[in-house]
Amino acid sequence: MTENQTGGPCEPGSQWYDGEAGPLVRPYAMTGGRTQPGPTGVRFDLIALVTLDPAAPALDDDTALGPEHRTLTALCRTETQSVAELAADADLPVGVVRVLLGDLLELGCVVISRPVPPAHLPDERILREVIAGLRAL
C-alpha cells in the first residue's frame, strides 16, 4: 500500500492533501483558470439565492462538468442556498463557486434570485404609519 504526503494510505477515490499546502488541486484548476462567471457576465452576490432548476438537464452523463459542479447541484437539490452557504458547504473559495455557478446557470441547471435591495424596501416609518392606521380601524 502506498502512502500520501500526510502519511496516510492512498486509497482510490480519496483526496490527497499536503499537510502544509492544503489540497493539491488548486482553485484555478477547478475553473480552468477563469475568474469571471462565464460570458454572460453575471455577478453573484454573496446573498444571491441559488435554486436547482426542476427542468434542468441531467448532469450525470455530462463529462464537461467536474465533481465540483456536481457538488454544488447536490447542495442545491435539497433547498435553496446562498452563494456564501454553497461556498462554505462545498469547502471552496467564493470566487471558484461564482465561476462554477456561472457554468451551471449557462447550462440551465440553476436559477439565481437576488434579494430585494434595501433601497427598494418600504421605509420603516411608512410601515409604522400603516400599522397605526390599521389599529385605529
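Colleague: With which residue does Glu124 form a salt bridge, and how far apart are the closest N and O atoms?

Modeller: In this predicted model, Glu124 forms a salt bridge with Arg128, and the closest N and O atoms are 2.6 Å apart. Both residues lie in helix H5 (residues 124-136), four residues apart, or about one turn of the helix.

Colleague: Are Glu124 and Arg128 buried or exposed?

Modeller: A residue counts as exposed over 50% relative accessible area and as buried under 20%, with partly exposed in between. Glu124, with a relative accessible area of 48%, is therefore partly exposed, whereas Arg128 counts as exposed at 56%.

Colleague: Which residues are linked in a network of salt bridges?

Modeller: The network links Asp123, Arg125 and Glu129. The side chains of Asp123 and Arg125 meet at 3.7 Å, N to O, and those of Glu129 and Arg125 meet at 3.1 Å, N to O. Because Glu129 and Arg125 are four residues apart in helix H5, about one helical turn separates them. Asp123 is partly exposed at 39% relative accessible area, and Glu129 is partly exposed at 49%. The count of salt bridges comes to three.

Colleague: I should like to turn to the sheet. What is the order of its strands?

Modeller: In general, strands of a sheet pair through backbone hydrogen bonds, either parallel or antiparallel. Here, three strands form an open sheet in the order S4-S3-S5, with antiparallel pairing. Strand S4 (81-82) and strand S5 (110-113) each have a single partner strand, so one side of each is left without a neighbour in the sheet.

Colleague: How many bridges join S3 to S5, and which residue in S5 does Thr51 stand opposite?

Modeller: Four bridges join S3 to S5, and Thr51 stands opposite Val111 in S5. Strand S3 (residues 49-52) pairs with S4 over two bridges, where Leu49 stands opposite Ser82.

Colleague: Which side chains along S5 are buried?

Modeller: In a regular strand the side chains alternate between the two faces of the sheet. Along S5, Val110 and Ile112 point to one face and are buried, while Val111 and Ser113 point to the other and are not.

Colleague: Finally, where does Asp103 lie, and which residues does Asp103 touch?

Modeller: Asp103 lies in helix H4 (residues 94-106) and is buried, with a relative accessible area of 12%. Leaving aside residues up to four places away in sequence, Asp103 touches Arg34 and His69. Other buried residues of H4 include Val96, Val99 and Leu104. Just after H4, Gly108 takes a positive phi of about 80°.

Key: Residues are numbered from 1 along each chain as its sequence is written. This is a predicted model: local features need pLDDT of at least 70, side-chain atom pairs count only at pLDDT 80 or more; totals for chains, interfaces and linings use all residues. Side-chain values use heavy atoms; hydrogens and water are left out. Two strands pair if DSSP finds at least two bridges between them. Buried means under 20% relative accessible area, exposed over 50%, partly exposed in between (1.4 Å probe, protein chains only). Contact means heavy atoms within 4.5 Å. A salt bridge is a side-chain nitrogen of Lys or Arg within 4 Å of a carboxyl oxygen of Asp or Glu.
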